[in-house]
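Here are some notes for anyone opening this structure for the first time. Have the model on screen while you read.

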Amino acid sequence: MKIFVLVKEVPDTYGDRKLNLETGLADRGAGDVVLDEITERALEVALSHADKNEGTEVVALTMAPGGSTASVRRALAIGAGSAVHIADEQLAGADLGFTAETLAAAIRRAEPDLVITGNLSTDGSGGVMAAMLAEHLGWAHATALTSVEITPEGISGTRGGQPVSASLPAVISITEAMPDARFPNFKGIMAAKKKPLEVLTLDDLGVSADPAAAPRTIMTAVAEKPPRAAGVKIVDEGDAAEKLVEYLVQNRLV
């Protein structure tokens, strides 16, 4: 079985994250970047299955700038057997639709049995990538899974307490209810330097960045987050309860 796991480089959540007010894009030069934790959990799902099923091939797939090799190598150090890195200057600012089209082309090219993603990235927070990939590929999909079992025939798991299942090939997304990723040890870090890492461009995938070929999302405006306003202060002069109720009613909170 071949399993593709989508991994993503994101701005470190412990640092300040800012938008470029001219482009509307995240300013990735403003701080450190890391491999998104939810994608590491997705990788753990694939690796846990591979540990118990000899012959399982786990491939990390990412779409990121050319300078993101360190993040890709981390996925290899954690345990992925190989990686595919889509890097092309024409992908700068790609929206969800263009991203899904590009990733689907890379997946289709390699013909895996299963694709695993996180349910929600910590930067874009779109939460729709698994479904969009499945639409492009014509595969079944199951999203926001809190438990997963993989068999040669398909996948099963739970979502919102309800059982779900799908036959392969399929795309699934997992939540933070899944176990933490294993930590890369020294042996894994050294081995990652020798593992296959294929770098692809849009030309390699036969995907066009021309917005005339397929309409893309258009940004109409971007602005800084407004400063936090002071809250309403109620001074108790014997009528605090009445004032509080009035405030709640005015703001439709009751």
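The points below go from the overall layout to particular residues.

1. **The big picture.** Keep in mind that this is a predicted model. The protein has 254 residues, and 36% of them count as buried. Its secondary structure comes to seven helices and 12 strands. Along the principal axes, the C-alpha atoms fill a box of roughly 75 × 40 × 40 Å. For a feel of distances inside that box, try Met-129 and Arg-228: they are 99 residues apart along the chain, and their C-alpha atoms are separated by 32 Å. Met-129 sits in helix 4 and is buried, with a relative accessible area of 15%.

2. **Salt bridges, starting with Lys-8.** How many salt bridges does a search of the whole structure find? The count is eight. One of them pairs Asp-123 with Lys-8, and the closest N and O atoms are 2.9 Å apart. This pair links distant parts of the chain, 115 residues apart: Asp-123 is in the loop between strand 6 (114-118) and helix 4 (129-137), while Lys-8 is in the loop between strand 1 (2-6) and strand 2 (9-11). Both partners keep some contact with the outside: Asp-123 is partly exposed at 24% relative accessible area, and Lys-8 is partly exposed at 28%.

3. **A bridge within helix 1.** Next, look at Glu-37 and Arg-41, whose side chains meet in a salt bridge (2.9 Å, N to O). The two are four residues apart in helix 1 (residues 37-52), so about one helical turn separates them. Is each partner buried or exposed? Glu-37 is partly exposed, with 42% relative accessibility, whereas Arg-41 is buried, with a relative accessible area of 9%. Asp-180 comes in here too, since Glu-37, Arg-41 and Asp-180 are linked in a network of salt bridges.

4. **A bridge from helix 1 to a loop.** Arg-182 and Glu-44 also meet through their side chains in a salt bridge (2.9 Å, N to O). Arg-182 lies in the loop between strand 11 (170-174) and helix 5 (186-192) and Glu-44 in helix 1, so this pair ties together parts that are 138 residues apart in sequence. Arg-182 is partly exposed at 29% relative accessibility, but Glu-44 is buried, with a relative accessible area of 10%.

5. **The second largest pocket.** Stay with Glu-44 for a moment, as it is one of the residues that line the second largest pocket. About 200 Å³ of space lies in this pocket. Others in the lining include Val-45, Ser-48, His-49, Glu-149, Ile-150 and Met-178. Which element gives the largest share of the lining? Helix 1 does, with five residues. The elements that give two or more residues are helix 1 and strand 8 (147-150). By class, the lining has five nonpolar, three polar and three charged residues.

6. **Helix 2 and what comes after.** In helix 2 (residues 69-78), the buried residues include Ser-71, Val-72, Ala-75 and Leu-76. Ala-77 and Ile-78 are buried as well. Just after this helix, Gly-79 takes a positive phi of about 150°.

7. **Backbone spots to check.** Please look at three more places along the chain. A cis peptide bond, with omega of about 0°, joins Leu-168 and Pro-169; Pro-169 is in the loop between strand 10 (162-167) and strand 11. Ala-144 is not a glycine, yet it has a positive phi of about 55°. It is found in strand 7 (residues 140-145) and is partly exposed, at 27% relative accessibility. Arg-252, also not a glycine, has a positive phi of about 55°. Arg-252 is in the segment after helix 7 and counts as exposed, with 77% relative accessibility.

8. **A nonpolar patch.** Which residues make the nonpolar surface patch of about 740 Å²? They are Val-232, Ile-234, Leu-244, Val-245, Tyr-247, Val-249, Leu-253 and Val-254. Among them, Leu-244 lies in helix 7 (residues 240-250), and its relative accessibility of 43% makes it partly exposed.

Conventions: Residues are numbered from 1 along each chain as its sequence is written. This is a predicted model: local features need pLDDT of at least 70, side-chain atom pairs count only at pLDDT 80 or more; totals for chains, interfaces and linings use all residues. Side-chain values use heavy atoms; hydrogens and water are left out. Patches are made of residues with over 30% relative accessible area and no salt bridge: like charges are joined within 9 Å, nonpolar side chains (Val, Leu, Ile, Met, Phe, Trp, Tyr) within 5 Å. Accessible areas come from the Shrake-Rupley method with a 1.4 Å probe; for residues, only the protein chains shown count as cover. A salt bridge is a side-chain nitrogen of Lys or Arg within 4 Å of a carboxyl oxygen of Asp or Glu. Buried means under 20% relative accessible area, exposed over 50%, partly exposed in between (1.4 Å probe, protein chains only). On a 1 Å grid over the protein atoms alone, a cavity is a set of points where a 1.4 Å probe fits but cannot get out, and a pocket is an open set with protein on both sides within 12 Å along at least five of seven lines; lining residues have an atom within 4 Å of a point. Grid points are joined across faces, edges and corners, and a volume is the space filled by probe spheres set on the points. Ala, Val, Leu, Ile, Met, Phe, Trp, Tyr, Cys and Pro count as nonpolar, Asp, Glu, Lys and Arg as charged, and the others, Gly among them, as polar.
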